[in-house]
Amino acid sequence: MPEHPENENGEQPTSWPRVQRRQFVLTAGAIVGVLTGCIEENASKEPDDGTSKSDPEEPAEPFPLDAEPPGGDAPLEETHPGLRIVSTDPPVGEAATREPYTRDITPFETHFVVNHYETPLLDAEGWMIDLVRLPDGSTGSTSISMRELREEYPTETITHTMQCSGNGRAYFEPEIEGYSLSFGALGTAEWIGTPVRAVLDAYDIEGDWLTVAGADNPSSEPKFARSIPVWKARDDCLLAYGMNGNPLPRAHGYPVRLVVPGWFGNNSVKWVDEIVVADTMTIGDDWAEYLEWQQNWYRVLTEGETADHHADIELFDTWEAIKARADSEIEYAPYMYDQVVKSTIGTPKDGATLTDGTTIEVVGVAWAGDEAIDRVEVSTDSGKTWANADLVGPDRGSAVWRRFQYRWNADPGDHHLVSRAVDTRDRTQPRSIAAPEAGLAAIGEDTYPWNERGYGSNAFLPLGVHVSVE
Ligand SMILES: Nc1nc2c(c(=O)[nH]1)N[C@H]1C(S)=C(S)[C@@H](COP(=O)(O)O)O[C@H]1N2
Ligand SMILES: [Mo]
């Protein structure tokens, strides 16, 4: 927060006077709004009775502001030895093995990375996030320093299972251009930061859509910006500066990223530079530099379809939206928001040779975005017959995967093991990915729809593992 003036008695007034008047111009060519409005600071942000930030029981900041990001400035190949590098420019990698899917938390070294541009080398101490309410001037704008973000708001830790929309793209036929991701663009981390809600409340900002832009784009390229509904941002989203107890590694967004629990990874904008609250998502000439990754990418498009742009939508459950589009209940190509139900076997390894006469532990993870997992089934005959697995380990809420375990007394021979999760709305994983001609209607036919950009597949057959028992 900016310095607060004191009244004659040397006390802070209960309602702050307008403390800041700034001129604000977003990058030329985009939102050319000169915002001259004021921010009225809300004194009720924290109770003044010593129960909030000075309360010794509130978790202390876990590391100093100037703590180095783990791995420093080294390239992904060095900082993330657990990844199969898919691209070095920009850096992209998925888990090289399924081992992370036998554990609760993914260390950053094996947590996938998906970038569209080079990783920017930012400095936490000087970093400022611009916060704006559009339309211009209605409430104003300000800048928030990392120090303010860390020291003047509650600190929360949120565990989140994040999957890239493109995880599983490698299984689409015909093949799809883009990063070839199979099972490993999936990880679960403990993110530490400031709830978005606390920041919006402090500046008394309301609106329907929250757009967050990253600092990673070269000036000739569109900003990586995503719009999420304000209800979601207020519900559980975090401006995270820590990952698994340490500062964010640079590749994961240092010094600060958005974390959108339960939703596809593309919504969790890294290297947060600007936060804009508006009545619409990014659309039209005003948002020219901001709309590419919101409107043209991360849409479930049928073969050859180009994305139509929308100002506002109401359906954020990606699976529901695909069904609704298939049934002509909505007119727009679905956006990638809430994740769909899915599971991934962690062990045995694909291609393993197992010993006859032993009990084999089939272990994996299952998650369903904003829904919870109801049960997980395992098949050792490529989905002909199924048995219930046990849910094991902690239940950390719906944004976090559940581990499952199934004890299998295997007969000699070759086996194809697959897993299938069911969410609390009784939705489950389809068998395979359909052909492009089937369109989005494939979603009702035990298949996942092939789509132009290869997003969101949760089909179980391609995710299975082949083992032989001797
Ligand atoms: N600024 C910015 N944020 C971004 C991206 C990006 O390219 N630029 N990639 C997004 C995508 S597509 C995914 S899946 C997640 C991946 O987060 P991770 O690299 O920490 O795993 O970051 C998202 N946030
Ligand atoms: Mo992604």
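The largest cavity of the predicted model is the space taken by ligand 1. Taking the contacts of this ligand in turn, a polar side-chain atom of Lys270 lies 2.6 Å from one of its oxygen atoms. An N or O atom in the side chain of His111 is placed 3.4 Å from an oxygen atom of ligand 1. The backbone also takes part, in that an N or O atom of the main chain of Val114 is found 3.1 Å from a nitrogen atom of ligand 1. Considered alone, ligand 1 exposes 530 Å², of which the protein buries 100%.

The shell around ligand 1 consists of 20 residues, and the closest of these are Phe112, Asp216, His252, Arg257 and Lys270. By residue class, this shell divides into nine nonpolar, eight polar and three charged members. Lys270 thus appears among the closest residues and also supplies a polar side-chain atom at 2.6 Å from a ligand oxygen.

With regard to covalent cross-links, a disulfide joins the sulfur atoms of two cysteines through a covalent bond. A search of the whole structure returns zero disulfides. Two cysteines were examined for accessibility. Cys164 counts as buried because its relative accessibility is 9%, under the 20% limit. Cys237 has a relative accessible area of 1% and is therefore also classed as buried under that limit.

Conventions:
Residues numbered from 1 in each chain as written. Chains lettered and ligands numbered in written order. Predicted model: local features only at pLDDT ≥ 70, side-chain atom pairs only at ≥ 80, totals over all residues. Heavy atoms only, no water. Near = heavy atom within 4 Å. Polar contact = N/O pair within 3.5 Å; in protein donor to acceptor, adjacent residues only side chain to side chain. Areas by Shrake-Rupley, 256 points an atom, 1.4 Å probe, with all protein chains shown as cover. 1 Å grid on protein atoms, 1.4 Å probe; cavity = no way out; pocket = protein on both sides within 12 Å on 5 of 7 lines; lining within 4 Å. Sits in = over half its atoms within 2 Å of the grid points. Nonpolar A, V, L, I, M, F, W, Y, C, P; charged D, E, K, R; others polar. Disulfide = S-S within 2.5 Å. Buried < 20%, exposed > 50% of the residue type's maximum accessible area, 1.4 Å probe, protein only.
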